[in-house]
Amino acid sequence: AAMVGVCGLFRVHGKAGETRIVLASTRDVFDGLPQAPSCKLLNPKCMAAIQSLEVEEGNERRELRQTENNSPQHRRIAVVFFLVGCLGVALLAFTLPHGTPASPNSADCNELRNHGSYVSVRIGVGTPAQVFDVVADTGSNQVIIPDCVCAETGGGCFQAEPCFRGTNQSSSFSMVEDAEGKGQSISMTFGSGTIRAVLATDVVSAGNVHAKMDGGILLIVDRRELKIAGAFGGILGLGLPRVKSRMFGDALPEFLGTAGVNRFSICVSDTGGALRMGVPAASGALGSVGSGSHWNLAFEGISIDGASMPLGFCQTSPCGAIPDSGTTLIVGPRDQIVMLFAGICEQWPRCQSAAAAEPQASASELFKKLLQDCETWSSSSSKGLDELPTLKLQLRGEGGVQQIVELPGRYYVYAASGAGQSQFARSLFGDSFTEHPRSARQSTLTCFPAFQPMKVPSDSGGAGWILGLPLFYAYTVTYDLSAQPPSMHFRKAPCGLCGEKLLPSFYQDSWQPRRIEGPMRVSPAVLGNASIWHMSEE
């Protein structure tokens with residue numbers, strides 16, 4: 001009605017006693033639309049915009065220009081539609097404020113903060129909302145935040161760390177009680193240790209998306225066994241909903257399903273990132289494979305740019321790959337990672353020259369050794385880190401849909417500096433890591449391949465891999481819960497802020513590797529038996 005009525009932009013067709021009103025120009029309507037709700041009827045400038053009336057009678061057609069003698073009936077019709085249009089625009093203006101989605105599946109964007117080893121999103125918990133920066137984690141599916149009891153009772157939480165207080169602070173809060181009327185307590189094991197938490201009910205919001213989590217919030221009360229320096233923060237789980245829980249039988253409520261979010265996407269840049277909920281469906285998506293406990297794809301190996309054949313793993317029996325935003329690095333079996341490093345060395349001219357000078361050294365060790373010295377050669381190289389060969393990961397979804405995900409050198413090399421770099425390296429490579437004397441290198445920066453050896457269970461039956469943050473730097477990853485089976489899509493595009501502005505990248509177009517700080521993180525739910533949830537004995 002607004003488009004038809006504004007300014008009386010109509011064409012009236014008369015034929016054998018009938019009159020039909022047709023919109024003349026949608027573009028003209030929008031260009032001349034007065035600001036709602038203070039529309040002014042019959043504004044002379046607006047009325048002068050009426051272009052023409054076409055009258056068709058029999059086989060004869062004439063065009064009539066707007067004149068002072070224009071039919072009063074036409075003006076009355078225009079006024080009626082104009083009034084209806086103004087009323088409709090005014091109602092929309094008051095009922096749908098700018099930036100508020102009409103439903104959870106309308107696009108809603110949440111900016112991510114990049115902390116080096118993980119990215120976080122801001123959520124609100126409770127009424128009124130208490131604000132937390134938590135890990136945006138597609139590898140797990142629970143909402144986890146620290147309870148204030150943790151710091152107050154010596155549970156290992158930091159006094160300065162934001163914590164949740166439900167009793168007398170949130171009108172929508174309640175505890176989940178066991179048979180004895182006590183708070184239901186559970187423990188959860190991460191790659192870096194165990195936490196103890198109690199279950200609670202409250203409202204959780206991310207941007208304009210809200211969910212009442214009935215027994216679905218885990219409040220940390222003890223994290224003393226968690227080997228993470230500094231604040232833990234918490235987790236917003238974005239993993240697949242679980243049909244059953246190992247602990248309770250029925251699955252705990254999770255945020256996406258409770259909020260009615262069917263699709264979302266994540267991308268990461270050096271200065272931030274974006275979590276978008278309610279994005280459109282993507283064509284060519286890859287259906288999740290396996291038991292449905294994780295976002296999981298068949299992983300059919302890695303080809304290295306310049307090599308004639310893929311590397312010799314995950315070929316005859318596909319591996320499994322979990323695209324996981326809550327894991328810092330790309331995680332896989334040690335023997336396969338060693339094979340990958342050797343293959344990179346064979347296709348990297350600088351590494352081949354080093355191999356000729358040290359024929360007794362293994363190719364994988366030479367590769368790591370050269371990366372450690374990245375600051376001495378990458379700044380003078382015309383390609384920087386991109387002189388390393390591109391890796392091509394071969395992914396396949398349910399039904400055989402395939403996609404090759406490409407990672408140039410800048411995406412699979414990280415760096416650390418200062419006193420913590422050797423600890424960082426040993427956390428990746430253990431006793432196999434040997435550091436070159438700093439006096440010989442004259443370097444303040446140490447580079448490492450963004451791969452972490454670890455045994456990961458797989459739904460596909462083969463070896464398991466986790467595709468962590470390097471994937472999200474290179475691609476926008478879309479997850480679709482409404483597809484059957486749930487699907488993933490990888491789009492190579494710069495990561496944009498929520499206002500659609502492109503995020504600047506300090507490293508993508510330069511020689512510098514991405515610097516990483518803090519301990520490496522691995523999503524708890526992807527570690528299989530190492531992260532089974534147990535009832536607390538207390």
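Biologist: Let's start with the open sheet of seven strands: what is its strand order?

Modeller: Happy to, and bear in mind that this is a predicted model. The open sheet has mixed pairing among its seven strands. On average, neighbouring strands in this sheet are turned by 30° against each other, direction ignored. Strand 23 (402-407) and strand 26 (451-453) each pair on one side only, which puts them at the edges, and the full order reads 23-22-19-20-27-21-26.

Biologist: Which residue in strand 22 is the bridge partner of Ile 302?

Modeller: Strand 19 (residues 297-304) and strand 22 (residues 391-396) run antiparallel and are joined by five bridges. As a reminder, strands of a sheet pair through backbone hydrogen bonds, either parallel or antiparallel. The strand 22 partner of Ile 302 is Leu 393.

Biologist: Helix 7 lies across several of these strands; at about what angle does helix 7 run to strand 26?

Modeller: Helix 7 covers residues 334-346. The strands beneath its path include strand 19, strand 20 (319-323), strand 21 (330-332) and strand 27 (464-467). Strand 22 and strand 26 are also among them, and the angle to strand 26 is about 145°.

Biologist: How do helix 7 and helix 9 cross, roughly parallel or roughly perpendicular?

Modeller: Two packed helices are described by the angle between their axes and the distance between the axes. Here the axes of helix 7 and helix 9 (residues 363-372) come within 7 Å and cross at roughly 75°. An angle from 65 to 115 degrees counts as roughly perpendicular, so helix 7 and helix 9 are roughly perpendicular.

Biologist: Which residues of helix 9 make that contact with helix 7?

Modeller: From helix 7, the contact uses Val 338, Phe 341, Ala 342, Ile 344 and Cys 345. Helix 9 is largely enclosed by the rest of the structure, because seven of its 10 residues are buried. Among those buried residues are Leu 370, Leu 371 and Gln 372. The contact residues of helix 9 are Ala 363, Ser 364, Leu 366, Phe 367 and Lys 368.

Biologist: On to the rings: how far apart in sequence are the parts that the pair of Phe 264 and Trp 295 ties together?

Modeller: A search of the whole structure gives 11 aromatic pairs. Phe 264 and Trp 295 form an edge-to-face pair, at 6.4 Å centre to centre with 75° between the planes. Both residues are buried. Phe 264 belongs to strand 16 (residues 263-269) and Trp 295 to the loop between strand 18 (286-287) and strand 19, so the parts tied together are 31 residues apart.

Biologist: Which ring does the charged end of Arg 514 sit over?

Modeller: There are two arginines to mention here. Arg 521 lies over the face of Tyr 118, at 4.0 Å from the ring centre. The charged end of Arg 514 is 4.0 Å from the centre of its ring, and that ring belongs to Tyr 473.

Biologist: Let's turn to the backbone: which residue is joined to Pro 485 by a cis peptide bond?

Modeller: Most residues other than glycine have a negative phi, and most peptide bonds are trans. One cis bond joins Thr 127 and Pro 128, with omega about -5°, and Pro 128 is in the loop between strand 6 (119-125) and strand 7 (130-137). Pro 485 lies in the loop between strand 28 (476-480) and strand 29 (487-491). Its cis bond, with omega about -5°, is to Gln 484.

Biologist: Is Cys 314 buried or exposed?

Modeller: Asn 168 makes a useful companion: its phi is near 65°, and it is exposed, with a relative accessible area of 78%. Cys 314 has a phi near 60°, a positive value in a residue other than glycine. Cys 314 is in the loop between strand 19 and strand 20. Buried means under 20% relative accessible area, and at 6% Cys 314 is buried.

Biologist: Last one: which residue of strand 13 stands opposite Val 143?

Modeller: In strand 8 (residues 143-146), Val 143 and Ile 145 point one way, Ile 144 and Pro 146 the other, and all are buried. Strand 8 runs parallel to strand 12 (residues 209-222), joined by four bridges, with Pro 146 opposite Ile 220. With strand 13 (residues 235-237), strand 8 pairs in the antiparallel sense over two bridges. There, the residue opposite Val 143 is Leu 236.

Conventions
Residues are numbered from 1 along each chain as its sequence is written. This is a predicted model: local features need pLDDT of at least 70, side-chain atom pairs count only at pLDDT 80 or more; totals for chains, interfaces and linings use all residues. Side-chain values use heavy atoms; hydrogens and water are left out. Two strands pair if DSSP finds at least two bridges between them. Axes are lines fitted to C-alpha atoms, for helices over the stretch in contact, and angles run from 0 to 180 degrees between N-to-C directions. Contact means heavy atoms within 4.5 Å. Rings of Phe, Tyr and Trp (its six-membered ring) pair if their centres lie within 6.5 Å; planes under 30 degrees apart count as stacked, over 60 as edge-to-face and the rest as tilted. Buried means under 20% relative accessible area, exposed over 50%, partly exposed in between (1.4 Å probe, protein chains only). A charge sits over a ring if NZ of Lys or CZ of Arg is within 6 Å of the ring centre and within 35 degrees of the ring normal. Angles under 35 degrees count as roughly parallel, over 145 as roughly antiparallel, 65 to 115 as roughly perpendicular and the rest as oblique.
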